[in-house]
Amino acid sequence: MTHPALLRVEQFCRQYQLQHPVVMAPMAGVTHHALPLAFSATGGMAAFGALMHAAPAMEDWVLQFRSQGGGPLLLNLWMPEPAPAVPQPDHEAALRGFLAGFGPEVPAHAADAPLHDVNEQLEMALALRPAVLSTIMGLLPPERVAQARAAGVAWWATVTTVAEARLAEAAGADVIVAQGAEAGGHRGAFVAAHAQRDAVGLMSLLPQVVDAVQVPVVAAGGIGDARGVAAALLLGASAVQVGTALLRTPEAAVHPAWAGLLAVTAPEDTQLTRAFSGRWGRALATDYVRAAAAPEAPEPAPYPRQRGLTTAMRADATSAGDVHRMQAWAGQSAGLAQAMPAEDWLRHTWQQAGALLG
Ligand SMILES: Cc1cc2nc3c(=O)[nH]c(=O)nc-3n(C[C@H](O)[C@H](O)[C@H](O)COP(=O)(O)O)c2cc1C
């Protein structure tokens, strides 16, 4: 007899033309085509974290992906456009002093670096008609929901709490991506200031989101191997979204110093931090991350000013190969990540998860 979890999964896979219920996490900054193409080749869902791509660059990326045989694509954007953060010169002077201990002098206007226009990004995203438009940090406005629907693009909304899941369903989300606090990278809290307070683990979040909404739920956060995949499906997910576990694959092409440290990272060696961008995210607890969390360190500036302030340090760290100053995102299951080709990882993981589910 087929396990009931597998029936739900099969239905979801049919709807999205997948052979496995495994979705690549959209990861801004990890956007080489090789990883999503490997997901397409093995019947998973490919993804593109488009935050750092202006509309024309986004179009180029998608056209290249398609010209190389890419399949169903999840395209992800951060919503909504944040209200401009007010510069605080004295505080930022203290931050500049602190950052000087970790990298080159912070250029004068670094904190003013503009974000890409979200409306232009959304317009292009919908014109490109990916299988899925995924959002994080907030909801699509109603007119965009209608536009997505008319274009045949499904909207998957990332949430971090049950309350956010209810809001997303009411706003018309086709799928809820429940992101547990184990997750690597930024937390998707709708209210930035609540991201640390509402850090709910996936084991609690997932079944309660499943109970709270009628639409399918995709599980994200700390899923590192077949055991995590099977557990999430048993807790009610229709698919899983995996990020950190892929960062050691050659296709992810992350800096070797970052990939190498993941291999020896225990769950307690990651930390929620605002020190890179101004928004809470989970990273390796490196020297910089720990120092920035010390009581004597200045509070990070709001997003995106902190991102601008840390750009020079991050670039310098990457060219020096110094992971302790890099923006090295990592979820709590980093230690489970394997250095193996992504196609092998996906086939092996789904085969084993299937065996666990009988
Ligand atoms: C390097 C990195 C970058 C990320 N960038 C994004 C992003 O741009 N948009 C997004 O929705 N989620 C982003 N995430 C979060 C993932 O979508 C996902 O929620 C998370 O990776 C799941 O947890 P895991 O890392 O434990 O697998 C990122 C995660 C990582 C590790």
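## Where two domains meet

Between domain 1 and domain 2, ten residue pairs are in polar contact, both at pLDDT 80 or more (N or O atoms within 3.5 Å, one able to donate a hydrogen and the other to accept it; residues adjacent in sequence count only if both atoms are side-chain atoms). On the side of domain 1 that touches domain 2, there are 15 nonpolar, ten polar and five charged residues. Salt bridges between the two domains number zero (Lys or Arg side-chain nitrogen within 4 Å of an Asp or Glu carboxyl oxygen).

This is a predicted model, in which local features need pLDDT of at least 70, side-chain atom pairs count only at pLDDT 80 or more, and totals for chains, interfaces and linings use all residues. Residues are numbered from 1 along each chain, and side-chain values use heavy atoms, without hydrogens and water.

Here are the two domains, with bounds from an automatic or database assignment:

| Domain | Residue ranges | Residues in the contact (heavy atoms within 4.5 Å) |
|---|---|---|
| domain 1 | 1-81 + 117-249 + 338-358 | 30 residues |
| domain 2 | 87-114 + 253-337 | 22 residues |

Their centres, taken over C-alpha atoms, are 25 Å apart. Together the domains bury about 2,200 Å² (accessible area lost on being put together, 1.4 Å probe, summed over both), with 61% of it on carbon and sulfur atoms. His186, Leu247 and Arg248 supply 25% of the area that domain 1 buries against domain 2.

Now for the inside. The largest nonpolar core has 117 residues, and Trp156, Ile176, Trp258 and Tyr288 touch the most other members (buried residues, under 20% relative accessible area, joined through side-chain atoms within 4.5 Å). Each domain gives this core at least three residues.

Note on methods
Buried means under 20% relative accessible area, exposed over 50%, partly exposed in between (1.4 Å probe, protein chains only). Buried area is the accessible area (1.4 Å probe) that two parts lose on being put together, summed over both. Ala, Val, Leu, Ile, Met, Phe, Trp, Tyr, Cys and Pro count as nonpolar, Asp, Glu, Lys and Arg as charged, and the others, Gly among them, as polar.
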